[in-house]
Amino acid sequence: MCCVVLVLLAGAPRIGLFLLWLFTDRLALAFDSWVLPVLGFFLLPWTTAFYVLAYAPLRGVEGIGWLFVLFGFLLDIGSYSGGARSRQERV
C-alpha cells in the first residue's frame, strides 16, 4: 500500500494525501488538528505531502526532512507561477 501511495504522491499529491488520510494514520501523527492538513490539501499539497512523509512521531521533522519540505514548497510555488505564466501567454 505504501508504494501505491508514493506513486500517487509523485503525480497527484492531493490524491496521495487523501489516500494517506484514508488508509494510514500519518496525517493524524503529523498534525494536532484538522485545520492545517485541510489548508495544506488545498493550498500547498506538495509541502503538506513532504511534511507528512518526513515527520517522525517522536522527533518531528529534523535535518534533511526540512530539505524535503522545502523542496515540496518550491514545487508548490513553481506550480502556481507556472500556471500564471501559461495564463498570460494564452491572453
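**Exercise 1.** Leaving aside its neighbours within four places in sequence, with which residues is Thr-48 in contact?

*Solution.* The model is predicted, so local features need pLDDT of at least 70 and side-chain atom pairs count only at pLDDT 80 or more, while totals for chains, interfaces and linings use all residues. Residues are numbered from 1 along each chain as its sequence is written, and side-chain values use heavy atoms, with hydrogens and water left out. Taking contact to mean heavy atoms within 4.5 Å, Thr-48 is in contact with Leu-17, Phe-31, Gly-40 and Phe-41. Thr-48 has its place in helix α5 (residues 45-54), helices being DSSP runs of H or I with at least four residues, numbered from the N terminus. Its relative accessibility is 7%, so Thr-48 counts as buried (under 20% relative accessible area, with exposed over 50% and partly exposed in between, for a 1.4 Å probe and protein chains only).

**Exercise 2.** Describe the aromatic pairs in which Tyr-51 meets Phe-31 and Trp-66.

*Solution.* Rings of Phe, Tyr and Trp (its six-membered ring) pair if their centres lie within 6.5 Å, and planes under 30 degrees apart count as stacked, over 60 as edge-to-face and the rest as tilted. By this rule the count comes to 7 aromatic pairs. Among them, Phe-31 and Tyr-51 form a tilted pair, 5.3 Å centre to centre with 35° between the planes. Phe-31 lies in the loop between α3 and α4 (35-43) and Tyr-51 in helix α5, so this pair ties together parts 20 residues apart in sequence. The rings of Tyr-51 and Trp-66 have centres 6.2 Å apart and planes at 55°, so this pair is tilted. Phe-31 is buried at 13% relative accessible area, whereas Trp-66 is partly exposed at 46%.

Note on methods. Helix = DSSP H or I, 4+ residues; strand = E, 2+ residues; numbered from the N terminus.
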